[in-house]
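Grab a pencil and work through these two exercises on how helices and strands pack. Try each task yourself before reading its solution.

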Amino acid sequence: MNQSDAEIVQFDNVGLRYGTGKEVLTDISFTLYPGSFYFLTGASGAGKTSLLKLLYLSQRPSRGLIRMFGTDAITLPRDRLPGFRRRLGVVFQDFRLVQDLSAFDNVALPLRVAGVSEKDILRPVSDMLDWVGLGDRRHARPATLSGGEQQRVAIARAVIGRPDMLVADEPTGNVDPDMAFKLLRLFEAMNRLGTTVVVATHDVHLIQKVPESLIMRLDKGRLSDPTGALRYPPRRAAMGTRPRGTTK
Amino acid sequence: MNAPPIPGAPAAERTAGEAGVGGGLAGVRASLAEQWRERTGGADARMLPQARLSGPMPWVMAIMIALTVIAAASGLALRNTAHAASADLAGGVTVQILSAAPADRARQVAAALTALRTAPGVAQAAAVPQDQLNALIEPWLGTRPGDDLEALPIPALIDVRLSAGAGAQQIAQLRRLLAPVAPSARVDAQASWLSPVFGAIGALQVLAATLIALLAAATAAAVLLAVRNALGSNRVTIEIIHMLGGTDSQIARIFQRGVAADAAAGGIVGLGLGIVAIALLRRSFVALESGMVAGGGLGWIDWLLILLVPLGGLALAVLTARLTVLRALRRML
């Protein structure tokens, strides 16, 4: 298999600085493969959120090369960005729910943006809200939801469009352990269907619950590779459990 | 634990298979309504509640539209006044017989009338009756019992209508025609007396057009400021929609709908206010009972143009909103 066909994201010597400050990310190089499950770990301030911003195309790097879905994402014309973003599902650390919309409308937002008709939105959004335990809060505005409920709405919104890649920044930080486990099962289920999942977290217990996951660790803006996630083929594949979605 | 409801896909595919269930006319109608909503930006509206601008925006639009309607109506009425007056005066010529001696004046009037009535290009020639002349000068000279106005050396007037316009060449021809038979005749084109009035009317029309242009610019500026303000207060939401793959056009349409709603409400109120003002002005001018003002009414085409003012304001506001939003969004990633 051609390597470039298999990759979903490739970072090559990427650096990021905000304004004229020092680099918050330095010499970041890695490749994400379709159907793989990655955890991004690191201490607070290590650069996890900055790296995720590059992944979900909210920030352009100061240097280096980023390829996404086989295309140079740095020189990508602005009018092609929406098409790329629709292939991504993002769970923001601060949820970023639209305060004027109900839980239902927030979850439906990616489908509406993608032009899905209303009659095709009702059932999947209702099912998703039921599953995350918010079926009876579908009309509630974010301000009236607890932190955990808002987080579940944010996750439901991220996965409702069945993205090619799911990027989640501390997605279980505000929910109880049972709900955290349940949400993790959702990510795994999506991963089994071919979605590449990248979860930034501090939670070691969460990582241990996905034994097949690959771990990337950020330390002061530099990436390390405790599980061979950055190798090609990734260590897990070398051990006989290839990243899902790749073919021999 | 239940299996996660893996979404997505399915949305379109799943319901494509279910489409026939609802079937029938109601289904077709709902589908057409849905398509219409999506084509006209209705689907975008569900991404955000109606992006209303700021509170005073409809009132600002109402004031702008009312002023524009009044300016437009004034400009059109002035144009009609000028047209009516110039049509009345286009072929009009006044011949004054200035002779002081009544008998000689009467002889020259008769000779001039004979010459004029047989002259080519003259459609009509008639002496202005003495009682009309007396009425004309009465406000200046007054009348008392015993006064003999006819004894005054008042010029006799002959009202002439030319079949063509009363240009300089025609006036010169009339002067040559009358010189032998009525040596004291003075020939003037009636339009020349009113040329300063026509000049003033033209200047007022230019003023009305300038006012309309300035009001349009002010409307655009007001919309621009309101949209910028709304963009600032909705910045987070816009970023979220961007992050979810929303296009600039989708976001712009949300704001366009908000502006359109405000402009439509303001336009209706402004049109109403403007029409009331026009009606009051019309009543005041009609009370003047001036012949010239009477020609300045508004025709149905004029009213049609006035009714287009709020539509023009709406189009201008929506276009301004779209351009403002798109320009602002280009600065975002």
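Here are two exercises on this predicted model.

**Exercise 1: a helix pair**

Work out how helix α4 of chain A crosses helix α5 of chain A, and which residues make the contact.

*Solution.*

1. Start with the geometry: two packed helices are described by the angle between their axes and the distance between the axes.
2. The axes of α4(A), residues 103-113, and α5(A), residues 122-131, come within 10 Å and cross at roughly 120 degrees.
3. Angles from 65 to 115 degrees would count as roughly perpendicular and those over 145 as roughly antiparallel, so α4(A) is oblique to α5(A).
4. As for handedness, α4(A) passes α5(A) in a right-handed crossing.
5. Now look at who's touching: α4(A) brings A:Ala103, A:Phe104, A:Val107 and A:Ala108, while α5(A) brings A:Val125, A:Met128 and A:Leu129.
6. Sort those contact residues and you get seven nonpolar, no polar and no charged.

**Exercise 2: a sheet and its helix**

Find the strand order of the four-stranded open sheet in chain B, then say which helix packs on it.

*Solution.*

1. Reading across, the order is β2-β3-β1-β4 of chain B, and the pairing is antiparallel.
2. β2 (122-127) and β4 (185-189) of chain B are the edge strands, each pairing on one side only.
3. On average, neighbouring strands are turned by 20 degrees against each other, ignoring direction.
4. Zoom in on one pair: five bridges join β1(B), residues 92-97, to the antiparallel β4(B). B:Val93 sits opposite B:Ala189 of β4(B).
5. Finally, the helix is α7(B), residues 168-178, which touches β1, β3 (156-162) and β4 of chain B. Its direction makes about 165 degrees with that of β4(B).

Note on methods. Residues numbered from 1 in each chain as written. Chains lettered and ligands numbered in written order. Predicted model: local features only at pLDDT ≥ 70, side-chain atom pairs only at ≥ 80, totals over all residues. Axes fitted to C-alpha atoms, helices over the stretch in contact; angles between N-to-C directions. Helix = DSSP H or I, 4+ residues; strand = E, 2+ residues; numbered from the N terminus. Parallel < 35°, antiparallel > 145°, perpendicular 65-115°, else oblique. Left-handed = near helix turned anticlockwise from the far one by under 90°. Contact = placed C-beta atoms within 7 Å. Nonpolar A, V, L, I, M, F, W, Y, C, P; charged D, E, K, R; others polar. Pairing = 2+ DSSP bridges.
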